[in-house]
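Biologist: Can you show me the model and walk me through the fold? Start broad, then pick out some strands.

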Amino acid sequence: MKGTRIRLNGIDAPETDQVCIDKAGKTYACGIAARDALIELVQKRPVACTGDEIDRYGRRIMICFVDRMDINAAMVASGWALAFRRYSDIYVSQEQTARAGQEGLWSGAFIAPWDWRHRGSQTEILGALSVPIDAQQRLLPQPLASVSPTTGCHIKGNISRNGARIYHVPGQQNYDKTRITESKGERWFCTEDEARTAGWRRARN
């Protein structure tokens, strides 16, 4: 909003690179689906937000509204975000309703966003009912060969010849051939949000 980066208070949604399993048992890009659900909620209407707290990445932590609709609550109620209990329990009832109704993420199997960012062999798989027996294998793929040797993160923060800071995510055109030289200021990131906060922009290809 007018150049201000906002974190929706009390909720956490899938990362843009996150995959989940739908009710038909197929994997899908649930992070993209959650983003699209937010776009559909807003529908280019005026948004009003309230909240003064600022997180460590410089984002305003806010509750946002379209007309009188609490967007934060609506994202959880529709199953495309979870109540972020680590920081707030204000949307727990909406999450319980979404889970009972098998809405959004709850229609299949998924990993909580906060666990996805640090996923490993013991990561819990969530779902409204019983999850597929192979869910862990499908949602927790083997580590990529191209990862940071110290953190295991796989987003590459490259500095181009003209000094531009650009990050590459797995699957992009130049990802595999991009080499990270930390002594030159290049670095690895665990999430795209972390990369953007540090001043890197996403590669166009």
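Modeller: Overall features come first, then a few strands.
Modeller: This is a predicted model, where local features need pLDDT of at least 70, side-chain atom pairs count only at pLDDT 80 or more, and totals for chains, interfaces and linings use all residues. Residues are numbered from 1 along each chain as its sequence is written, and side-chain values use heavy atoms, with hydrogens and water left out.

Biologist: How many helices and strands in the protein chain?
Modeller: Six helices and 14 strands. These are DSSP runs numbered from the N terminus: helices are H or I with at least four residues, strands are E with at least two.

Biologist: Why call the chain as compact as a globular protein of that length?
Modeller: Its radius of gyration is 18 Å, close to the 17 Å that the globule rule gives for 205 residues, so it is as compact as a globular protein of that length. The radius is taken over C-alpha atoms, and the rule is 2.2 Å times the number of residues to the power 0.38.

Biologist: What does the C-alpha trace span along its principal axes?
Modeller: About 50 × 45 × 30 Å.

Biologist: What share of the residues is buried?
Modeller: 41% of the 205 residues. Buried means under 20% relative accessible area, exposed over 50%, partly exposed in between, with a 1.4 Å probe and protein chains only.

Biologist: And contacts? Of those between residues at least 6 apart in sequence, what share joins residues at least 24 apart?
Modeller: 55%. A contact means heavy atoms within 4.5 Å.

Biologist: On to strands. Which one pairs with β11 in a hairpin?
Modeller: β12, with five residues between the two. G163 in the turn has a positive phi of about 90°. β11 covers residues 155-159 and β12 residues 165-168, and they pair antiparallel over four bridges. Pairing needs at least two DSSP bridges between the strands.

Biologist: Which residues stand opposite N158 and G157 in β12?
Modeller: N158 faces I166. G157 is opposite Y167.

Biologist: What else does β12 pair with?
Modeller: Strand β14, residues 201-202, in the parallel sense over two bridges. There, R201 is the bridge partner of I166.

Biologist: Back to β11. How many bridges join it to β13?
Modeller: Three, and the strands run antiparallel. β13 is residues 187-189. Its F189 is the bridge partner of I155.

Biologist: Is β11 mostly covered or uncovered?
Modeller: Mostly covered: four of its five residues are buried.
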